[in-house]
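Okay, thanks for squeezing me in. I'll put the structure up and talk through a handful of spots in it.

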Amino acid sequence: MTIAESRPPLRATAPGEGEDSLFNNADNEIELIPPDSITAEQTGHFTFLPVNGAAFVMQVMHPVIGDVVGKYSVFRTDPAGRAIRSIDSVLRWVYGGEEAIAEGKRLRKMHQPLKMKNAQGRHISALNPEAYQWVIGTAFPTTLAAGPLLIGRDFNDEEKLEILRDNRRIAKIVQVPMKGYPETIGEFNEYFDDFVNNKLVAHDVALTLIAQMKEAPPIPRSVPARLRPAVQAAAKFAGKPVQNLNYLTTVGVMDPRVREILGLTWTNKEQQDLERMHRMIRGSYKVLPERLTYFPLAYHARRHHAAIQAMKKRENAGAAYKVRERQD
């Protein structure tokens, strides 16, 4: 049974349409990400970025997303700035509290005017329901595939269900139209297979993103011309380990079928290098303070939650007042 047969299809769109309503989920329908969840534990790590990068590459393999990003995004001229702003948004979804809901609405408003004609002359929109769903949908398979890297083993069935619940929570936070969005692991597997087998392409934007991972970061224009060669060489040397981690993690957590679409090879040595890097990272997490391993918003949100839990524990340890029981 195909995904189209097992789940209701998205709303059909006429030429020139291709977008849903601006806000799809009321505030009282939205649940925030629990601060003690797997999602909250993993997303805020600096080294979660390449996993997020794998999701982004898969997003732009959808023709609508790839075309819109190719026309409007500044990823070519300001890759670092785009990456920082993207992770800022993701961190607000997970750790921002009520700010997460406001951020989701801001994103929808920001994407509303992003419309264009594609190469076939068809009107497309960043708010195309199928495409907008896929943006959040990519996070689920990439996170599961990264389990052995993030925690040293595959996520178990209970953990997978928790990650899917949080994925659906984030979908509502960012105002994804939920009609037809997978509700179970089985539905998600069918949903993902349908995209990989029938919808994803080796879009130029996806190939450019992969190529960027192997390049030295651009030198700011403020650097004098006479110093640029030396600064560029230093940046290339210093950035090599990070670039290698970023590339190997991004490509390594991809489904082999996705790599095949992109024409990417994957060797046993690359897999071994990837596993070795993440073993070192997991080991460092055990000894380094969280302040050095988490983005600031994630760190402070986790400390806030830990402080509240400690207060509750003290509160339950004893009574604030001693009241004698009445003797009859």
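Let's start with Phe23, which is partly exposed, with a relative accessible area of 36%. The model is a predicted one, by the way, so keep that in mind throughout. Phe23 sits in the loop between helix H1 (3-6) and helix H2 (38-43). What does Phe23 touch, if you ignore residues up to four places away in sequence? The list is Lys105, Arg108, Lys109 and Gln175. There's also a C-alpha distance I'd like you to look at: Phe23 and Gly104 are 81 residues apart along the chain, and their C-alpha atoms are separated by 9.2 Å.

Now follow that contact over to Gln175, one of the residues Phe23 touches. Gln175 is in the loop between helix H10 (157-173) and H11. Is Gln175 buried or exposed? Buried, because its relative accessibility is 0% and the cut-off for buried is under 20%. The backbone deserves a glance too: phi of Gln175 is near 65°, which is a positive value in a residue other than glycine.

Next, the charged pairs. Side chains of opposite charge can pair when their charged atoms come close. How many salt bridges does the structure hold? The count is 15, and I'll take you through three of them.

Pair one is Glu103 with Arg92, where the side chains meet in a salt bridge at 3.2 Å, N to O. The two ends belong to distant parts of the chain: Glu103 is in helix H6 (residues 99-111), Arg92 is in helix H5 (residues 79-95), and they're 11 residues apart. Glu103 is buried, at a relative accessible area of 1%, whereas Arg92 is partly exposed, at 25%. Setting aside neighbours within four places in sequence, Glu103 is in contact with Ser89, Arg92 and Trp93, so if you click on this buried glutamate, those are the side chains to look for.

Pair two is Glu130 and Lys199, whose closest N and O atoms are 2.9 Å apart. Glu130 lies in helix H7 (residues 129-137), and Lys199 is in the loop between helix H11 (185-198) and helix H12 (204-212), so this salt bridge ties together parts that are 69 residues apart in sequence. How accessible is Glu130? It's partly exposed, at 24% relative accessibility. Lys199 is partly exposed as well, with a relative accessible area of 24%.

Pair three is Glu290 and Arg302, with the closest N and O atoms 2.9 Å apart. Here Glu290 is in the loop between helix H15 (268-287) and helix H16 (296-317), while Arg302 is in helix H16, so the parts being tied together are 12 residues apart in sequence. Glu290 comes out as partly exposed, at 22%, and Arg302 as buried, at 18%. Back to Arg92 and Glu103 for a second: salt bridges that share partners join Arg92, Glu99, Glu103 and Arg106 into one network.

Right, on to the greasy parts. Which residues touch the most other members of the largest nonpolar core? That core has 78 residues, and the answer is Val57 and Val258. H5 gives the most to this core, with 6 residues. If you zoom in on Val258 and skip anything up to four places away in sequence, you'll find Met58, Met61, Phe192, Val196 and Leu200 touching this valine.

There's some nonpolar material on the outside too. Val287, Leu288 and Leu292 form a nonpolar patch on the surface, with about 300 Å² of accessible area together. Leu292 is in the loop between H15 and H16. Leu292 counts as exposed because its relative accessible area is 53%, and the cut-off for exposed is over 50%.

Last bit, the whole chain. There are 16 helices and 2 strands in the secondary structure. Of the 328 residues, 43% count as buried. The chain exposes about 18500 Å², and carbon and sulfur atoms supply 55% of that. And what share of contacts between residues at least 6 apart in sequence join residues at least 24 apart? It's 76%. That's me done.

Key: Residues are numbered from 1 along each chain as its sequence is written. This is a predicted model: local features need pLDDT of at least 70, side-chain atom pairs count only at pLDDT 80 or more; totals for chains, interfaces and linings use all residues. Side-chain values use heavy atoms; hydrogens and water are left out. A salt bridge is a side-chain nitrogen of Lys or Arg within 4 Å of a carboxyl oxygen of Asp or Glu. Helices (H or I, at least four residues) and strands (E, at least two) are DSSP runs, numbered from the N terminus. Buried means under 20% relative accessible area, exposed over 50%, partly exposed in between (1.4 Å probe, protein chains only). A nonpolar core is a set of buried Ala, Val, Leu, Ile, Met, Phe, Trp, Tyr and Cys residues joined through side-chain atoms within 4.5 Å. Contact means heavy atoms within 4.5 Å. Accessible areas come from the Shrake-Rupley method with a 1.4 Å probe; for residues, only the protein chains shown count as cover. Patches are made of residues with over 30% relative accessible area and no salt bridge: like charges are joined within 9 Å, nonpolar side chains (Val, Leu, Ile, Met, Phe, Trp, Tyr) within 5 Å.
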